[in-house]
Amino acid sequence: MMTEGEQWQPLVVLPTAYDVAPTPQGLSDLIGNGLDVDGLLTEHRALLFKGFDITRDTLDGAIDLFLPNRAAYTHGNTPRSNLGGNIYTSTEYPADQSISMHNELSYASAWPSRLLFYCEQPAETGGATPLADAANWLQLIDLEVRDAFAGGLRYAQNLHGGRGLGKSWQQTFETDNRDEVEAFLAEGRSSWTWTSTGLRVTQERAATTHHPVTGEEVWFNQVDQWHPAGLPEDVRTIMTQMFTEADLPQSVTFRDGSPIPAEYVLHVREMGWKQAYDIDWETSNLALVDNVLAAHARRPYTGERRVLVAMSA
């Protein structure tokens, strides 16, 4: 746990610090010669590898060093493209808007343990990926708010069948086979109903979780990304005009179905940003993130930006 006033930041790994070549082979040598990636990642929450000249052609090999068993982005709620080999574009969200702090798939029954980000092209301006210590995020949240979330959350999704706002159920689950979707949801202890327009899914989840190695309790949910209060004002106005509360593409309440006050949502979001550390991307950078111990976000940007991501269970 950080002391008051201390700024958390990931560990930066440079080839010069380990006397290896500034090349993909140098990175492979570094890992092969016994760099304790697991221990360092648990200690530091995230590792930023700079100066190894990773290209798109050598990215697969670099990913295999850190994520030997890549996972699909199944049940992901944000738009992104699968480039093959379970390598995805980072969230395809309007460039002029921020993506708030979150842990990947923290609303689901299972989530990736690790994320690996790769910068193929940094933005012209902006576009940083902020990271935050998720245990510290929990401690920054007012006790009254933490106590209110102790009973857990209920997430609801209305996924269209091919025409509508947001991702379809086929895109969300990367299949058009209803039996496969139902098997996935049943395994994840979710409830679902097929509707005339698509699929409605509800999930009851905790607001926090504990890291499997350190035992630390961390803030671990996506309340501000699912609650209308977390939307930009113009988007929120349009959404409330288009949909009833029950028909929103996604929404969240307390587990018992009672509404979450907007001020709680805004407080949570503010605390998530409070001690964020910005990764200002440079071409070929890799960032390995413990998805439980560290949350991530995105700053607005201009120009073209291409950051890819892979994940492992």
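## Close-up views of a predicted model

**View 1. Strands β7 and β14 meet in a four-stranded open sheet.** Strand β7, made up of residues 129–133, pairs with β14 in the antiparallel sense, and the two share 3 bridges. To find your bearings in this predicted model, start with threonine 129, whose bridge partner in β14 is isoleucine 279. Now widen the view: the open sheet holds 4 strands in the order β4-β16-β7-β14, with antiparallel pairing. β4 (99–102) and β14 (277–279) are the edge strands; each has a single partner strand, so one side of each is left without a neighbour in the sheet. From one strand to the next, the twist averages 20°.

**View 2. A helix lies across the sheet of View 1.** Which strands does helix α11 lie across? Helix α11, residues 262–274, lies across β4, β7 and β16 (294–298). Compared with β4, the helix runs at about 80°.

**View 3. Arginine 299 sits just past strand β16.** Look for arginine 299 in the loop between β16 and β17 (301–302). Is this residue buried or partly exposed? With a relative accessible area of 27%, arginine 299 is partly exposed. Leaving aside residues up to four places away in sequence, arginine 299 touches Gly127, Ala128, Pro130, Trp273, Ala276 and Asp278. Among these contacts, Pro130 belongs to the span of strand β7, residues 129–133, and Trp273 to that of helix α11, residues 262–274. Another one, Asp278, falls within β14 (277–279). Aspartate 96 is worth finding too: 203 residues separate it from arginine 299 in sequence, yet the two are 8.4 Å apart in space, C-alpha to C-alpha.

**View 4. Strand β8 is flanked by two partners in another open sheet.** Here 4 strands follow the order β9-β10-β8-β13, and their pairing is antiparallel. The edges belong to β9 (191–194) and β13; each has a single partner strand, so one side of each is left without a neighbour in the sheet. Neighbouring strands are turned by 15° against each other on average, direction ignored. How many residues of β8 are buried? The count is 6 of the 8, so β8 is largely enclosed by the rest of the structure.

**View 5. Bridges tie the strands of this second sheet together.** On one side of β8 comes strand β10 (residues 198–205), paired with β8 in the antiparallel sense over 8 bridges. Histidine 160 is a handy marker for this pairing, standing opposite glycine 198 in β10. Strand β13 (residues 250–254) also runs antiparallel to β8, and 5 bridges join them. For this pairing, look at alanine 156, whose bridge partner in β13 is serine 251. Moving to β9, you will find 4 bridges joining this strand to β10, again antiparallel. Serine 191 has threonine 202 as its bridge partner in β10. Helix α8, residues 178–187, lies across β9 and β10 and runs at about 155° to β9.

**View 6. A nonpolar patch appears on the surface.** Leu165, Ile238 and Met242 make up this patch, and together they have about 290 Å² of accessible area. Where is leucine 165 found? Leucine 165 is in the loop that links β8 (153–160) to α7 (169–173). Its relative accessibility is 45%, and leucine 165 therefore counts as partly exposed.

**View 7. Strand β2 is covered on both faces.** In a regular strand, side chains alternate between the two faces of the sheet. In β2 (residues 46–49), Ala46 and Leu48 lie on one side and Leu47 and Phe49 on the other, and all are buried. Strand β1 (residues 11–13) pairs with β2 in the parallel sense over 3 bridges, with valine 12 opposite leucine 48. Strand β15 (residues 286–290), in contrast, runs antiparallel to β2 and is joined to it by 4 bridges. In that pairing, alanine 46 stands opposite valine 289.

**View 8. Two loop residues other than glycine have a positive phi.** For aspartate 19, phi is near 55°. Aspartate 19 is placed in the loop between α1 (15–18) and α2 (24–32), and at 74% relative accessibility it counts as exposed. Asparagine 86 also has a phi near 55°. Look for asparagine 86 in the loop between α4 (59–66) and β3 (88–89).

Notes: Residues numbered from 1 in each chain as written. Predicted model: local features only at pLDDT ≥ 70, side-chain atom pairs only at ≥ 80, totals over all residues. Heavy atoms only, no water. Patch = residues over 30% accessible without salt bridge, like charges linked within 9 Å, V, L, I, M, F, W, Y side chains within 5 Å. Areas by Shrake-Rupley, 256 points an atom, 1.4 Å probe, with all protein chains shown as cover. Salt bridge = Lys/Arg side-chain N within 4 Å of Asp/Glu carboxyl O. Buried < 20%, exposed > 50% of the residue type's maximum accessible area, 1.4 Å probe, protein only. Pairing = 2+ DSSP bridges. Axes fitted to C-alpha atoms, helices over the stretch in contact; angles between N-to-C directions. Contact = heavy atoms within 4.5 Å.
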